[in-house]
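Please open the model in your viewer and keep the selection panel at hand. The tour below goes from one selection to the next and says what is to be found at each stop.

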Number of protein chains: 2
Amino acid sequence: MTLLNETHDPALQSWVSSAQAAGSDFPLQNLPFASFRRQGSQEAWRGGVAIGDQIVDLQALAASGSLSGDAQRAAEAGAQETLNALMALGPKAWSALRLALSRGLRVGAAEQAQWQGLLVPQAQAAYNLPARIGDYTDFYTSIHHATNIGKQFRPDNPLLPNYQWVPIGYHGRSSSIVVSGTSFKRPVGQTKAPDAAVPTVKASARMDIELEMGIFVGQSNALGEPVSISEAEDHVFGLCLLNDWSARDIQPWEYQPLGPFLSKNFASTLSPWVVTLEALAPYRVAFARPEGDPQPLPYMDSAHNREAGAFDIALAVDLQTSKMRAAGEKAVQITQSNYRHAYWTVAQLVAHHTINGCNLQPGDLLGTGTLSGPSLDQAAALIELTVGGKQPLTLPNGETRTWLEDGDAVVLRGWCERPGAARIGFGICEGQMLPARTL
Amino acid sequence: MTLLNETHDPALQSWVSSAQAAGSDFPLQNLPFASFRRQGSQEAWRGGVAIGDQIVDLQALAASGSLSGDAQRAAEAGAQETLNALMALGPKAWSALRLALSRGLRVGAAEQAQWQGLLVPQAQAAYNLPARIGDYTDFYTSIHHATNIGKQFRPDNPLLPNYQWVPIGYHGRSSSIVVSGTSFKRPVGQTKAPDAAVPTVKASARMDIELEMGIFVGQSNALGEPVSISEAEDHVFGLCLLNDWSARDIQPWEYQPLGPFLSKNFASTLSPWVVTLEALAPYRVAFARPEGDPQPLPYMDSAHNREAGAFDIALAVDLQTSKMRAAGEKAVQITQSNYRHAYWTVAQLVAHHTINGCNLQPGDLLGTGTLSGPSLDQAAALIELTVGGKQPLTLPNGETRTWLEDGDAVVLRGWCERPGAARIGFGICEGQMLPARTL
């Protein structure tokens, strides 16, 4: 459980002046982590921390001799190609590095002269996935998404009986997770129309997005040893944005009885920046079940989880079509939601995932599932926004979209703001769908 | 497509005389790979090749100066901690190393004097997982298993309509895959009896095995680039044994709508030895669909696949209870099956998995799913053998088993034999279930 401390003070300002720019995702109160190097270079990938429009190079920081103790140990771990070693260290080390960064980057810090040489402009950076992701688990934590989808398949019984008891989740594919900015081809696969005698193999005609958050596991638990809900957050490094692209015509034909497979594992896009749980502390909110719903079983319940287990994170999806790009038009927002609507908290996902002894490892990724909010304009996938493809969206330039079209680029955004706290953001998670390969 | 060559000659004998022992799994015609070191040592894990009751140490072989070209390159890759680098090289290098090993280990080989110093007795070896498994996909390739399980849930409609068209598969958990000889605790989880109002959290009371084969991916395909069925086998390094332990009371409550999760991911046991496709060449058999069944779609069909896409591999499951162990009694066989009964071939699984562009990476693991044969005594899981727990098995010592009990050890075995070819085997895949943790 992370409490507020000096690093959260909204009055803090950095000598990196862009950190104070209006609407910046990366003020001094955020300090998220990524793996980066200079664009076009053959430099080693290494960890970095965002401040304004700059990146503190953790390899250079670790070599600078300006840190000591846990903070130095964390910077050395963060200097590696991926953040796995840093993630493995646990919250004491993460917190020590955050505090040292916060102090050294503040206006008036003695470190300013030395640390100015450790900065790389974000405009010059290329990003790697933050971690080598061993296992990726995708959950289904929005009861609104589950209900909206369920209505399309089972109008009289949209929500399955286990939903309010079990945080439904399944294993996803790690190898095809790509970092923001990577394009992918429209996938090909088997589909079968309800009235067709046999399936056909073709490019998916029902390509969708899923607006999710990604949760990076920090320190591991041993195989056979569950993580209790009171310890669960100590095993979480931070959160990022995740677009779980989905082929809605491949999915219904393949998913019985073992779940989605090729409809999902052609590409999933992750934002480069991981915002730590400590940075999110000012945006914790109470987690409460709607009146009359079952309460979580004891292994997924705690006073802390009830009082502050959820996170108030605003989320949005922007779409830019090829036509908009050609006309020089920016992406337009097609939906917005908030992570606070989730039916299960981060801590509950960790406690549930490990109740059987399953071992989570540093760099493992948990997806929240599609984070649709309670109203239809907060739906976080096209299948909901267009009611199963029956009500196309009309874009400001007059184009319509039922499903994604070739060349469409989708940008996920996430941010936190409230009076009395510094606004922090997640950067962007962007991907473009290219035409399918020639069949 | 691997043809027979001099390494398959059944007359070949090795100067390691135990390779000729009756019933040996590891004659000169096999030459499977594992990752090993001496028991109780802190030596580096490295690759080894089984010959009789010995292991050829690939680290020592690579340093010996006795190989060259592709064979040397493969030995150097195989000298690493896991076999991933060797797997990545592809069939030309694998084949060159196999040929060099076959020639150097033959009776009369000039290498004998030098290579005797490269051997480590299997009796002194500890094993690692053969590879760092990035992603693990479990398929469902036995139509007999799918039908048997389906009958228990849907007596009138046991086989779902997609089964004969789509090689059904789902993502499994990599982190909890353990090597043969590793014990695990009975898992705890949510279960709900059909007549109960609410679920309860308890140790699983319906613990089961699943007799499967594991398929190790060799060389990778790039994201977005499918592997055609004609190239599919070039992307497969070899086969091993896999026990996909399952908690049958956790499974039905959690698996709708996204598939099995905590009922499976507490432990999966893998045999240490990986038998290459080349070693299995004499045991290829025709792949044919039953009369009247749909033929595979073109992307999963080829002349080679029809003529020789399946493998004739005998499989068996042995059980040893605590009582048998205390009485000094050996494990008893409770079922046997054969991989040739699978409804989809190795090549079809690879072609299907990548049809959407999903990238397979060296060391990725595909499970075949439970390999039940056509008759009930060839069922490859207790849920089938005991007809959903209704017909307990009676063991020779008078004990009965509906599901596994604490202390039960299960051993999977696999081997190939036919007139005119050398018998080869997979070694064993063994695991013991310990009592659940205290709740």
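Which rotation, and what shift along its axis, superposes chain A on chain B? In this predicted model, chain A falls on chain B after a rotation of 180° with 0.0 Å of shift along the axis, and the RMSD of that superposition is 0.0 Å. That is the relation of a two-fold axis. To place the axis in the viewer, select Gly259(A), whose C-alpha is the one in chain A nearest the axis, at 2.2 Å from it. Colouring the interface residues of both chains is a useful next step: 100% of those in chain A are also interface residues in chain B, so the copies meet through the same surface.

Next, select residues 138-427 of chain A, the range that an unreviewed UniProt entry annotates as "domain: Fumarylacetoacetase-like C-terminal". Over this range the chain is 15% helix and 28% strand, and the C-alpha atoms at its two ends lie 22 Å apart.

Now show as sticks Asp138(A), Glu210(A), Glu212(A) and Asp244(A), which UniProt, again in an unreviewed entry, lists under "binding site". These residues span 107 residues in sequence, yet no two of their C-alpha atoms are more than 11.3 Å apart, so they gather at one spot. One of them, Glu212(A), can be located by way of strand 13 of chain A, which runs over residues 211-217.

For the next stop, select Arg103(A) and Glu6(A), whose side chains meet in a salt bridge with an N to O distance of 2.7 Å. The pair links distant parts of the chain, since Arg103(A) belongs to helix 4 (residues 91-104) of chain A, whereas Glu6(A) lies in the segment before strand 1 (33-38) of chain A, and the two are 97 residues apart. Over all chains, the structure holds 52 salt bridges.

Finally, move to chain B and select helix 2 (residues 69-78) together with helix 4 (residues 91-105), which pack with their axes 7 Å apart and at an angle of about 100°. Angles from 65 to 115 degrees count as roughly perpendicular, and helix 2 of chain B and helix 4 of chain B are therefore roughly perpendicular to each other. On the helix 2 side of this contact, display Asp70(B), Ala71(B), Arg73(B), Ala74(B) and Ala75(B), and on the helix 4 side Lys92(B), Ala93(B), Ala96(B), Leu97(B) and Ala100(B). The residues of this contact divide into seven nonpolar, no polar and three charged.

Conventions. Residues are numbered from 1 along each chain as its sequence is written. Chains are lettered from A and ligands numbered from 1 in the order in which they are written. This is a predicted model: local features need pLDDT of at least 70, side-chain atom pairs count only at pLDDT 80 or more; totals for chains, interfaces and linings use all residues. Side-chain values use heavy atoms; hydrogens and water are left out. UniProt positions are given in the numbering used here, feature names are shortened, and annotations may be inferred rather than shown by experiment. Helices (H or I, at least four residues) and strands (E, at least two) are DSSP runs, numbered from the N terminus. Axes are lines fitted to C-alpha atoms, for helices over the stretch in contact, and angles run from 0 to 180 degrees between N-to-C directions. Angles under 35 degrees count as roughly parallel, over 145 as roughly antiparallel, 65 to 115 as roughly perpendicular and the rest as oblique. Contact means heavy atoms within 4.5 Å. Ala, Val, Leu, Ile, Met, Phe, Trp, Tyr, Cys and Pro count as nonpolar, Asp, Glu, Lys and Arg as charged, and the others, Gly among them, as polar. Copies are superposed by least squares on the C-alpha atoms of residues with pLDDT of at least 70 in both. A salt bridge is a side-chain nitrogen of Lys or Arg within 4 Å of a carboxyl oxygen of Asp or Glu.
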